[in-house]
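User: I am new to this model and would like a close look at one part of it, with some of its surroundings. Could you walk me through it step by step?

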Amino acid sequence: MLRDYQIEICEKVNEAFEAHRSVMMQMPTGTGKTVVLASLVKQYLNRDADCSVLIVAHRIELIGQTGTFLNHFGIDYGMIAGGKRPAVLKRVMVASVQTLSKNLDIGISPSLVVIDEAHHALAKTYQMLWTAWPEAKFLGLTATPYRMSGDGFTDLFEVLVDSWSVKQFIADGWLSPYDYYSIRPDSEQQQEIDSLKKRGADGDFQMKELREKLDVRPSIERLFEAFERFAFDKKGIIYAIDIAHAEHIAEFYRLQGVNAVAISSKTPAKERAEVIRTFKGGNRIQILVSVDLFSEGFDFPDVEFIQMARPTLSLAKYLQMVGRGLRPCKGKQCCTIIDNVGLYRTFGLPSVDRDWGELFLGNEGLGIRNEELGIRNEQFLWLGCGDLREENDGDIVKIISYEGMQEQFTKLSRRGFERRKKGKAWVWTDMVNGVEFDRHPKVINYRGMELSTADGDTFFPRISSKWIDAKHGISRKALETQVGGGRRSQGIGWMKLYISFAMPDKVLQLQAVKPNQMRIYKDEQGKVYLQQDPDHAPVSEEEAGGRKAFMALCDKQQKAWEEMKKSIRKSSLKYDTRKRWWQLPEGSIREQYDEKRNPNLYHIIYKENGDELLSHGEKNKEFWVDSTSGFTYRHRPVLCKRGFVELLYDGDVVYILNIHEERFTPYRNWEIRADNRICTIGNKLYFNEEKDARSYRIKKRSDDFRMFVVEERYPNYNPNTIEFDEFIIINEAGKKLEIKAL
């Protein structure tokens, strides 16, 4: 019996064949691609009594596995393998691509060709099939529609049909959660791997250099230390560089009393089958050490740990390796993944959301770089990433634990995404906010607020509200420029809507903004909330003591801000080189500063009237001074960056350091929004490349921080008498889209 997701993808494939001749199907490793293959073949045979099917695989193990599932579905089949022509031709033939490529004239004329592990399908031996049977339909199955070369698959397959994300499968219990351990970024092992330069003919690391770095006693000892620490009582697979490396690892493990067996494509077929049978049948063999023999098509849910001893530049190899351990089974809490070569730093964790649609298309036309691998803005979207805590001992540290993963992924999944058919199209519906997506959405969690997205560009708060729908998404640009304020930000505002981090399940609608920056909101029930400014959380009108009292408070705060701006001045202190003391009108003081962190910032502590310096006391005064400019700060300055803008925080006051026009002008945190291209301060706009030239005055702006109508300020302008005769429409990249005369 098929599972729900298998039924769903069968329907999607059949629908795709109504409009396309060739279809590629993606399902994660361990979710039953071969079951789906057999089911699709059965459905195809039932629809057309005259059709025939050819199933192509590249290894004898895959052929045997496919045959097993065809038998389960009652499908009679023949085999083309071993370099021999088949004695009898049947409606369904399962073929080795190596044998088939030498015997294309054996008399078969399939109407459907199915290619298992179709990410290999750009090889010449596969391309022959399209030439041999130009009228046939083609179906490719893969967990990873990606190639290191960056080439897409569109010259062979017209469309990609993909299944659920790995997160969804883990959340629903169809894949196993995992503990992930890896080497530290600053470890000796990682430095050796980072030093690898040479590439082989296939674009991956060159074997000779890998052997020199990793097939050595110290490296193998580190492998065993990690295994002993995290998986000593578990059954699993170790992936090695080559056959010799596999044998060296197995030999060392056996010397430590662990029954490990090296196995490869060079192992005689009967011996190989016996080793696998023994491994699956009990505890006589605890570990199989292989190169990539078990990275595709090896179905053994009891695998409890995976250890990676070989670096790779191939996303497909990485996911195939870790995928061997993600099949769930009774009594298996999780899979332990030991990454001794730091692959997660290149590819992300196995459960990172990847855009297989883009990778299927390849570099051409999309500009996808090889290193992006479908992980877009990983730091922003990635849940459950990097836990390199200082308390972890040794060079191997835990990156993510299965307990946290289960809790997090279950929350993401079971709060509800449902896939429904709408007309002829399938849509995903977020059952929390009702927003529909044309593909499976992802979820991000920022400071307790959940947002769903299908494209990584527009986000929808997961809140049940009449104000949240498909037309009220938050653009990535709007979201990033707001969260760029860090912990000082109290919420997210867009399209006159606002969600406070203090009330992440409530949507507020902006009613008014007063001259003193006081903001008035209402919720869906009409309850009023008041906010001093975006750096403060909203409070209910009752909690604020009424609107009139809160307005008076905001007036007072605004007046204090204006007075504070007037009092900001440059210091009149002078340095006495003879006494090595700073001199102020109030008296003499001694300097204190942190030379390592910032040698230009001096921490000044003094007592009025020139009395002896005291380190504590109510009358003591202190401030910080920038010796290069003489500018003084009331609190220890904190330096940070938002987009291209360098900021200095003096308590709640913020200064911009790298825009000449704004230097030494105090602002509040919420007044500055910036990314790597644009900075807006109130109604002024600056471009990164023009930060030392002039600003533009904003007349109108889009809520998503992408389009601006501005007036150009000319060099050497008088800010009090700005003259202009045209306005400009500018996009987020700084491109002038249109210039209009007034």
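At what angle do helices α1 and α2 pack, and how far apart are their axes?

Analyst: Happy to help! This is a predicted model, in which local features need pLDDT of at least 70 and side-chain atom pairs count only at pLDDT 80 or more, while totals for chains, interfaces and linings use all residues. Residues are numbered from 1 along each chain as its sequence is written, and side-chain values use heavy atoms, with hydrogens and water left out.

Let's begin with your pair. Helix α1 (residues 4-19) packs against helix α2 (residues 33-47) at about 50°, and their axes are 10 Å apart. The relation of α1 to α2 is therefore oblique (roughly parallel is under 35 degrees, roughly antiparallel over 145, roughly perpendicular 65 to 115, and oblique the rest). Axes here are lines fitted to C-alpha atoms, for helices over the stretch in contact, with angles from 0 to 180 degrees between N-to-C directions. Helices (H or I, at least four residues) and strands (E, at least two) are DSSP runs numbered from the N terminus.

The crossing of α1 past α2 is right-handed (the near helix is turned clockwise from the far one; left-handed would be anticlockwise by less than a right angle). On the α1 side, Q6, I9, C10, V13 and N14 take part, and they meet V35, V36, S39, L40, Q43 and R47 of α2. Sorted by class, the residues of this contact are six nonpolar, four polar and one charged. In this sorting, Ala, Val, Leu, Ile, Met, Phe, Trp, Tyr, Cys and Pro are nonpolar, Asp, Glu, Lys and Arg are charged, and the others, Gly among them, are polar.

Helix α1 has other company too. It lies across β15 and β16, running at about 145° to β16. These strands belong to an open sheet of three, ordered β15-β16-β17, with antiparallel pairing. β15 (417-422) and β17 (436-437) are the edge strands, each with a single partner, so one side of each has no neighbour in the sheet. Six bridges join β15 to β16 (residues 425-430) in the antiparallel sense, where pairing requires that DSSP finds at least two bridges. One place to look is E418, whose bridge partner in β16 is T429.

I9, one of the α1 residues that meet α2, also leads us to Q26. This residue is found in strand β1 (residues 22-26). Q26 is in contact with I9, T142, A143, P145, L160, V161, D162, S163 and W356, leaving aside neighbours within four places in sequence; contact means heavy atoms within 4.5 Å. Q26 is buried at a relative accessible area of 2% (buried is under 20%, exposed over 50%, partly exposed in between, with a 1.4 Å probe and protein chains only).

For comparison, here is a second pair of helices. The axes of α9 (residues 217-230) and α10 (residues 243-255) come within 10 Å and cross at roughly 55°, which means that α9 is oblique to α10. This crossing is right-handed. R217, I220, E221, L223, F224 and F227 of α9 meet H245, H248, I249, F252 and Y253 of α10, giving seven nonpolar, two polar and two charged residues in the contact.

Two further strand residues are worth finding on your screen. S290 sits in strand β11 (residues 287-290) and is buried, with 1% relative accessible area. Beyond its neighbours within four places in sequence, S290 is in contact with I238, Y239, A240, A246 and I263.

Y181, in strand β8 (residues 178-183), also counts as buried, at 10% relative accessibility. Not counting residues up to four places away in sequence, Y181 touches several residues, among them F230, T336, I396 and I399. Y181 and G342 are 161 residues apart in sequence, yet their C-alpha atoms are 9.2 Å apart in space.

Finally, look at two loops. M495, between β22 (491-494) and β23 (497-500), has a positive phi near 50° without being a glycine, and M495 is partly exposed at 35% relative accessibility. Q517, in the loop between β24 (508-513) and β25 (519-522), is not a glycine either and has a positive phi of about 75°. Q517 counts as buried, at 18% relative accessibility.
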